[in-house]
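Dear colleague,

Please find below the structure I promised to hand over. A summary of what was found in it follows.

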Amino acid sequence: MYSSTITGNTANSRTGGAFLFGPAEIESTIAAGNFIAGTQNNFSLAGATTGSNNLVGSVDDTPFQSNWIVAADPTLGPLANHDGFTRTHPPPPTSPAAHLGTQTHPPTKHPPRPALRAPIR
C-alpha cells in the first residue's frame, strides 16, 4: 500500500481501517480516524510488515515498524476536491504527517477507480 490515506471508516468486526493478511509493504500512508465497535482501530496486520514514513492514529497489539509515527493525530482536513482525480483529506502544514511521505514508488499509470476522464471540479 503506497501513498494512501485511510480515514473515516467504521466496522463492527475485524478492523475499522485496513486488514492486511500476509506480508505487506506500507509506504507513505496515513491510517487514522477509523473505528471498530466505537474504539479507534486503524490497522490489523497478520504477517510481516515493511515500509516507512507512515502515520497510524492509534496503537493496538499490531507490531509497527520503529520508523512509523504512531498514536498521533494527523489533523486531516475535510474530504474535498484539490484539483486531482479524486477527493482527498489534506494534512495542514502543522500536521505530523506533513512532508512525511516519499516518492519511492512511481505513481500508477491510470487514475484511481472510478476511472475519470477529467479532474473533479
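Two strands are counted as paired if DSSP finds at least two bridges between them. The model is a predicted one, and the findings are given here sheet by sheet, followed by the cores.

By this criterion, β6 (residues 35–36) pairs with β7 through two bridges, and the two strands run antiparallel. Within this pair, Ile36 has Thr39 of β7 as its bridge partner. Both strands belong to an open sheet of three strands, ordered β2-β6-β7, in which the pairing is mixed. At its edges lie β2 (10–11) and β7 (39–40), each of which pairs on one side only.

Another open sheet has four strands in the order β1-β5-β10-β11, and its pairing is parallel. Because β1 (5–6) and β11 (69–70) stand at the edges with a single partner strand each, one side of each is left without a neighbour in the sheet. The partner of β1 is β5 (residues 30–31), to which two bridges join it in parallel. One residue pair to inspect here is Thr5 and its bridge partner in β5, Ile30.

Turning to the side chains, the largest nonpolar core comprises ten residues: Ile6, Ala18, Leu20, Ala24, Ile26, Ala31, Phe43, Leu45, Val56 and Trp68. The elements contributing two or more residues to this core are β3 (18–21) and β8 (43–46). A second core, separate from it, has six residues, among them Ile30, Ala32, Leu55 and Ala97. In soluble globular proteins, nonpolar side chains tend to be buried together.

With kind regards

Definitions and conventions
Residues are numbered from 1 along each chain as its sequence is written. This is a predicted model: local features need pLDDT of at least 70, side-chain atom pairs count only at pLDDT 80 or more; totals for chains, interfaces and linings use all residues. Side-chain values use heavy atoms; hydrogens and water are left out. A nonpolar core is a set of buried Ala, Val, Leu, Ile, Met, Phe, Trp, Tyr and Cys residues joined through side-chain atoms within 4.5 Å. Buried means under 20% relative accessible area, exposed over 50%, partly exposed in between (1.4 Å probe, protein chains only).
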